[in-house]
Amino acid sequence: MQEGILNIPVFNGFLYNARAKTADLQTEAAKQRLLDERNHIARDVRTAWQQSQEASERLGVTQQLRDQANLGLNLAQARYNLGLGSIVELGQAELQKTEADIADTDAQYQYRLTRLVVAYRIGAPK
């Protein structure tokens with residue numbers, strides 16, 4: 001160690017000012033990252049909620065489709081029983097009913113799935 005050398009902070013080449021500025025900039029960058037993350041989470045929640053609302057509306061539509069297919073099948077069955085309709089007409093009505101049942105089941109599945117996604121996005125317990 002050398003004797004007589006005195007380290008005076010005034011002559012440090014503005015090291016402390018630079019460190020303070022660096023800390024301020026790092027703090028601002030962290031705040032911006034936090035704000036960005038909040039915005040991403042809010043967007044994800046809004047998107048999941050909108051998808052859930054669309055799936056809910058689809059439930060009503062597929063239920064109406066299912067009701068109409070049931071009515072069509074009943075009419076085709078009655079026409080067939082009276083000899084006014086063909087087996088092809090009856091088969092097509094059964095196919096339409098099956099397709100409507102599948103669409104309704106899929107809509108119910110999609111609705112439940114979107115509700116789970118909403119719960120996940122908002123951090124709700126299961």
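I began with serine 52, which is buried, with a relative accessible area of 1%. I note at once that I am reading a predicted model. Serine 52 has its place in helix α1, and once I leave out residues up to four places away in sequence, I find that serine 52 touches Tyr111, Thr114, Arg115 and Val118. Two of these, Thr114 and Val118, appear among the buried residues of α2.

**Overall layout**

I then looked up the elements of the chain and found two helices and zero strands. Of the 126 residues, 13% count as buried. The chain exposes about 10,300 Å², and carbon and sulfur atoms supply 57% of that area. When I took the contacts between residues at least 6 apart in sequence, 74% of them turned out to join residues at least 24 apart.

**Helix α2**

I checked the length of α2 against its residue count: at 1.5 Å a residue its 36 residues should span 52 Å, and the end C-alpha atoms are 53 Å apart, which agrees. I listed the buried residues of this helix as Leu90, Ala93, Ala100, Asp101, Asp104, Ala107, Thr114 and Val118, and I noted that they pack against α1, residues 15–81. After α2 comes glycine 123, for which I read a positive phi, near 80 degrees.

At the start of α2, which covers residues 87–122, I looked at isoleucine 87. I recorded isoleucine 87 as exposed because its relative accessibility is 52%, and the cut-off for that class is over 50%. Together with Tyr80 and Val88, Ile87 makes a nonpolar surface patch of about 290 Å².

Glycine 91 is also in helix α2, and at 32% relative accessibility I entered it as partly exposed. I took the separation between the C-alpha atoms of glycine 91 and alanine 76 as well, and it is 8.7 Å for two residues that lie 15 apart along the chain.

**Salt bridges**

My count of salt bridges comes to seven, and I followed several of them individually. Arginine 58 forms one with aspartate 106, the closest N and O atoms being 3.1 Å apart. Since arginine 58 lies in helix α1 and aspartate 106 in helix α2, the pair ties together parts that are 48 residues apart in sequence. Both partners went down as partly exposed, arginine 58 at 33% relative accessibility and aspartate 106 at 31%.

I next asked which residues pair with arginine 66, itself partly exposed at 27% relative accessibility. Aspartate 101 forms a salt bridge with arginine 66, with 2.8 Å between the closest N and O atoms; this pair links distant parts of the chain, aspartate 101 in helix α2 and arginine 66 in helix α1, 35 residues apart. The side chains of aspartate 104 and arginine 66 also meet in a salt bridge, 2.8 Å from N to O. Aspartate 104 lies in helix α2 and arginine 66 in helix α1, so I noted that this pair ties together parts 38 residues apart in sequence.

I compared the burial of the two aspartates with the cut-off of under 20%: aspartate 101 is buried with a relative accessible area of 18%, and aspartate 104 counts as buried at 1%. My last entry concerns the network, in which salt bridges that share partners join Arg66, Lys97, Asp101 and Asp104.

Terms used: Residues numbered from 1 in each chain as written. Predicted model: local features only at pLDDT ≥ 70, side-chain atom pairs only at ≥ 80, totals over all residues. Heavy atoms only, no water. Patch = residues over 30% accessible without salt bridge, like charges linked within 9 Å, V, L, I, M, F, W, Y side chains within 5 Å. Areas by Shrake-Rupley, 256 points an atom, 1.4 Å probe, with all protein chains shown as cover. Salt bridge = Lys/Arg side-chain N within 4 Å of Asp/Glu carboxyl O. Helix = DSSP H or I, 4+ residues; strand = E, 2+ residues; numbered from the N terminus. Buried < 20%, exposed > 50% of the residue type's maximum accessible area, 1.4 Å probe, protein only. Contact = heavy atoms within 4.5 Å. Expected span 1.5 Å × (residues − 1).
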